[in-house]
Amino acid sequence: MRHIQDKVKLANGVDMPWFGLGVYKAEAGDEVKTAVQTALDVGYRSIDTASFYHNEQGVGEAIEASGVPKEDIFITTKVWNDEQGYEETLQAFESSRKKLGVDVIDLYLIHWPVGGKFVDTWKALEKLYHDGLVRAIGVSNFNIEHLETLFEHAEVKPMVNQVELHPRLTQEELHAFCKNHSIQIEAWSPLTRARIFGHPVLKQLAEKHGKTEAQVILRWDLQKEIVTIPKSVTPKRIEENADIFDFELTAEDIEAIDNLHTGERFGPNPKDFG
């Protein structure tokens, strides 16, 4: 992982960038367009959005205006909770595809494991995949028990599981389970929404490597083979977050960050999700 456009090969052979831009809470219109345009200018080639973010159209417009060929950009979006179910998901997908202005979406995810819904939703994703409308399908916020339930009904296993993952919530058991089933783990909120910044371990490592604490955490993700999508709408920070390919953490550095795990979450716990 020496370049921002380095990729991991998913279980079905599709190449996905290790590093991308998340646009959660980026406002529709100029804010999200500027963020995406900045990221593409810096060299990002993966953009992660969702119908729930209400900014898919802005993402699509920024990609269209960027001059970067669409086939070079890996686009992820997600079906939201009140859109789940078989027919509902097919309709939601079509809406997302039109807003993004693409014929094929690279990665389509179930946003949360809605009880009594996510199996039918997965069947819709499988249809979209078999029909060639998505290049890869996966889930978000699925714990092991959700994945095991899905396996009982799935013809195609998820290729990606995007979850809250950061130094306070390292998700080691889930990561190992996914790796054993050829599911690529992906981190949302990798920087703990800045709540861990200032921790002595991170400050020491940042000083050691001449980097910011954010850059140290993002490098930790990559060296642990975790796809990561830090969110920012600030051009300087978007550029700074990507400056993580000219240094390497030692095994001792990685262990020190691993030891910051407390199990603390900053988002909902999927096991309590109705």
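**View 1. The whole protein chain, where 56% of the 274 residues count as buried.** Buried means under 20% relative accessible area, exposed means over 50%, and partly exposed is in between, using a 1.4 Å probe and protein chains only. This is a predicted model, in which local features need pLDDT of at least 70, side-chain atom pairs count only at pLDDT 80 or more, and totals for chains, interfaces and linings use all residues. Residues are numbered from 1 along each chain as its sequence is written, and side-chain values use heavy atoms, with hydrogens and water left out. The protein chain holds ten helices and ten strands. Helices (H or I, at least four residues) and strands (E, at least two) are DSSP runs, numbered from the N terminus.

How does the radius of gyration fit a compact globule? A compact globule of 274 residues would have a value near 19 Å, and the 18 Å of the protein chain agrees with that. Here the radius of gyration is taken over C-alpha atoms, and the globule rule is 2.2 Å times the number of residues to the power 0.38. Along the principal axes, the C-alpha atoms fill a box of roughly 55 × 40 × 30 Å. Of the contacts between residues at least 6 apart in sequence, 74% join residues at least 24 apart; contact means heavy atoms within 4.5 Å.

**View 2. Tyr53, listed by UniProt as "active site" in an unreviewed entry.** UniProt positions are given in the numbering used here, feature names are shortened, and annotations may be inferred rather than shown by experiment. Look for Tyr53 in the loop between strand 4 (46-48) and helix 2 (56-66). Is Tyr53 buried or exposed? Its relative accessible area is 14%, so Tyr53 counts as buried. Leaving aside neighbours within four places in sequence, Tyr53 is in contact with Val23, Tyr24, Asp48, Lys78 and His111.

Next in this view comes His54, also placed in the loop between strand 4 and helix 2. His54 is exposed, because its relative accessible area is 63%. Its phi is near 60°, a positive value in a residue other than glycine.

**View 3. His111, which UniProt lists for "binding site" in an unreviewed entry.** His111 sits in the loop between strand 6 (105-110) and helix 4 (118-130). With a relative accessible area of 6%, His111 is buried. Which residues does His111 touch, not counting those up to four places away in sequence? They are Ala50, Phe52, Tyr53, Lys78, Val79, Trp80, Asn81, Ser140 and Asn141. If you have just come from the previous view, you will recognise Tyr53 in this list.

**View 4. Ile137, a buried residue with a relative accessible area of 0%.** Ile137 belongs to strand 7 (residues 134-140). Although Asp106 is 31 residues away along the chain, the C-alpha atoms of Asp106 and Ile137 are separated by 8.2 Å. Not counting residues up to four places away in sequence, Ile137 touches a set of residues including Leu107, Tyr108, Trp122, Leu125, Val156 and Val160.

**View 5. Helix 8 (residues 213-223), a mostly covered helix.** How many of its eleven residues are buried? The count is ten, and among them are Ala214, Val216, Ile217, Leu218, Trp220 and Leu222. Charged residues appear in the buried list too, including Glu213, Arg219 and Asp221. What covers the buried residues of helix 8? The cover includes strand 9, helix 7, strand 10 (227-228), helix 9 (235-241) and helix 10 (251-258). Helix 8 is followed by Glu225, whose phi is positive, near 60°.

**View 6. Arg193, in the loop between strand 9 (184-188) and helix 7 (200-209).** Is Arg193 buried, exposed or partly exposed? Its relative accessibility is 42%, so Arg193 counts as partly exposed. The phi of Arg193 is near 55°, a positive value in a residue other than glycine.
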